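Welcome! Please take a moment to look over the sequence and the 3D view, and then we can walk through them together.

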Amino acid sequence: MRLYNTLKRKKEEFVPANGNKVSLYACGITAYDLCHIGHARSSVVFDVLVRYLRFKGYDVTFVRNFTDIDDKIINRANESGVSADELAKKFIGEFYVDMDRLNILRADIEPKCTEHIPEMIALTETLIAKDHAYSTPSGDVYFKVRSFDDYGKLSGRNIEDLQSGARIKPGEEKKDPLDFALWKAAKPGEPSWESPWGEGRPGWHLECSAMSEKYLDLPFDIHGGGQDLSFPHHENEIAQSEAATGKEMARFWVHNGFVQINSEKMSKSLGNFFTIRDIIEKFLPETLRYFLLTMHYRSPLDFSFEALEDAEKGIRRVYTALEQIEEALQKQKWSKAALPADVLAEIDDAENGWTEAMEDDMNTAAAMGHIFTIIRLAGRIAEDKAWRKSEGGRDAWTRILADMKKWGDVLGIFTIDPKVFLENLKMNMLDRKGIEVARVEELVVARQDARKNKDFSRSDEIRDELIELGVEVKDTPQGAVWDVI
């Protein structure tokens, strides 16, 4: 498997440092608000990476932290009239609700900042002892950026270029404008902990260094997060960890791309900011997850509701095919005929293509293309009278279902019973379009009555009325079946 390593700016073959064991750390949320679709993308990306590594047989230890003390949390808590701890606990709970809906697996270890203050103080003391950090009279502690020769190696930024735009704000006691806070002296009314430098709290960058080192041996295999974290957060993590330990922090740095809204950066100030709940009020959670996998994880993802509707059509097509295959396999009698070798070769090609796509920097977009190739092939088998009644057709469908189960487990989609999913999707689409189920069923019954009475003119009128509502009716041997167009 090859992964793009931000540190080396190229794809590299991924081989764990410790035999079959993989250690992976991903930066989690700052718990002060509901998760937005940027959080959803990052969570899905690393969920699929963990799933795929386990699918390959690796023993993965996945650590994802929660930032539960921070300026944003304190400010929001003050606005809300609750404690910072209470606010953080609330939004960590809301995070789990959203992630469960998106079928995100829990991390193996989920440390919180406030539960690791002693480790952060110890790391800060080590950095001071090694002359990589200094305390100030007010009780702040800063990391000396220029003391770490490799600063900028992750982001490719030059110290001198950074210096040109850096300034020391009034009241700061930095020795250099590039230095960043490891420990912040307490302000009146803020949560704080005792330390050798007085009451205070950790800086944001410090927590991931302290917690990753506690739970994973350095260097761990993969450190991940959104592209926006590569600088300064991950750059500062590297500086802290490597200056303190003398060891490489992580071997691979994996970053997912931004989510854009109608080709613009998602931003609350632009009014184009969507939470996960904004989306799943209108669309099924699996539709959102499917959509997030339709683009390579490192590429920018342009979100729009039109794009989500296209994703809905795609996932509906797959589930419809799965339902049809399952129904076809319930037949009891099959002819002895086999499928042509070239048809079986198409299945081989799709299976190999899916694996090659996932092995090539986890290219889920290309992998999805091979899923549709195999779904189209299943449809061709169903359309051929001889194939669909043959043992060869049966065996091919069985193989395709097994592939879809395997691939779905890795991607975290296509795991629901097709009948259940399609019924849920139908109800969801009706609700979004403002169509009442009772009215649809009333019209379907009226159409059936008209057909029984050979009043085909009335039957056609009702059919047209249903189409105008956005509903299509099909007559089957089992009776009328309706669906949302």
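## A guided look at the chain

Let us start in a loop: lysine 454 sits between helix H16 (437–452) and helix H17 (456–469). Although lysine 454 is not a glycine, its phi is positive, at about 60°. Its relative accessibility is 63%, so lysine 454 counts as exposed. Please keep in mind that this is a predicted model.

Asparagine 103 offers a second positive phi, near 65°, again in a residue other than glycine. You will find asparagine 103 in the loop between helix H3 (84–101) and H4. Is asparagine 103 exposed or partly exposed? With a relative accessibility of 30%, asparagine 103 counts as partly exposed.

**The chain as a whole**

Stepping back, the protein chain holds 17 helices and 15 strands. Its C-alpha trace spans about 95 × 50 × 35 Å along the principal axes. Of the 485 residues in the protein chain, 51% are buried. The accessible surface is about 22400 Å², and carbon and sulfur atoms account for 48% of that. As for charge, the protein chain carries 66 positive and 84 negative side chains, and the centres of these two sets are 4 Å apart. Taking contacts between residues at least 6 apart in sequence, 76% join residues at least 24 apart.

**A parallel sheet**

Now to the sheets. Strands of a sheet pair through backbone hydrogen bonds, either parallel or antiparallel. One open sheet has four strands in the order S4-S3-S9-S10, and the pairing is parallel. At its edges are strand S4 (59–64) and strand S10 (250–256), each pairing on one side only. On average, neighbouring strands of this sheet are turned by 20° against each other, direction ignored. Within the sheet, strand S3 (residues 21–26) and strand S9 (residues 220–226) run parallel and are joined by three bridges. Alanine 26 has glycine 224 in S9 as its bridge partner. Helix H7 (residues 230–245) lies across S9 and S10, at about 155° to S9.

**An antiparallel sheet**

Another open sheet of four strands follows the order S5-S6-S7-S8, with antiparallel pairing. Here the edge strands are strand S5 (133–135) and strand S8 (200–202), and each pairs on one side only. Its neighbouring strands are turned by 20° against each other on average, direction ignored. Helix H4 (residues 117–129) packs on this sheet, where H4 touches S5, strand S6 (141–143), S7 and S8, and its direction makes about 120° with that of S7.

How many bridges join S6 to S7? There are three, and the two strands run antiparallel. Three bridges also join strand S7 (residues 180–185) to S8, again antiparallel. Why is S7 largely enclosed by the rest of the structure? Five of the six residues of S7 are buried, so the strand is largely enclosed.

Residues that face each other in this sheet include tyrosine 142, opposite alanine 181 in S7, and tryptophan 183, opposite proline 202 in S8. Alanine 185 has glycine 200 in S8 as its bridge partner.

**Cis peptide bonds**

To finish, here are two cis peptide bonds to look for.

| Cis peptide bond | Omega |
|---|---|
| leucine 218 to proline 219 | near -5° |
| phenylalanine 231 to proline 232 | about 5° |

Proline 219 lies in the loop between helix H6 (204–215) and S9, whereas proline 232 lies in helix H7. That is the helix lying across S9 and S10.

Definitions and conventions: Residues numbered from 1 in each chain as written. Predicted model: local features only at pLDDT ≥ 70, side-chain atom pairs only at ≥ 80, totals over all residues. Heavy atoms only, no water. Pairing = 2+ DSSP bridges. Axes fitted to C-alpha atoms, helices over the stretch in contact; angles between N-to-C directions. Contact = heavy atoms within 4.5 Å. Buried < 20%, exposed > 50% of the residue type's maximum accessible area, 1.4 Å probe, protein only. Areas by Shrake-Rupley, 256 points an atom, 1.4 Å probe, with all protein chains shown as cover. Lys, Arg positive; Asp, Glu negative; His and termini not counted. Charge placed at Lys NZ, Arg CZ, Asp CG, Glu CD.
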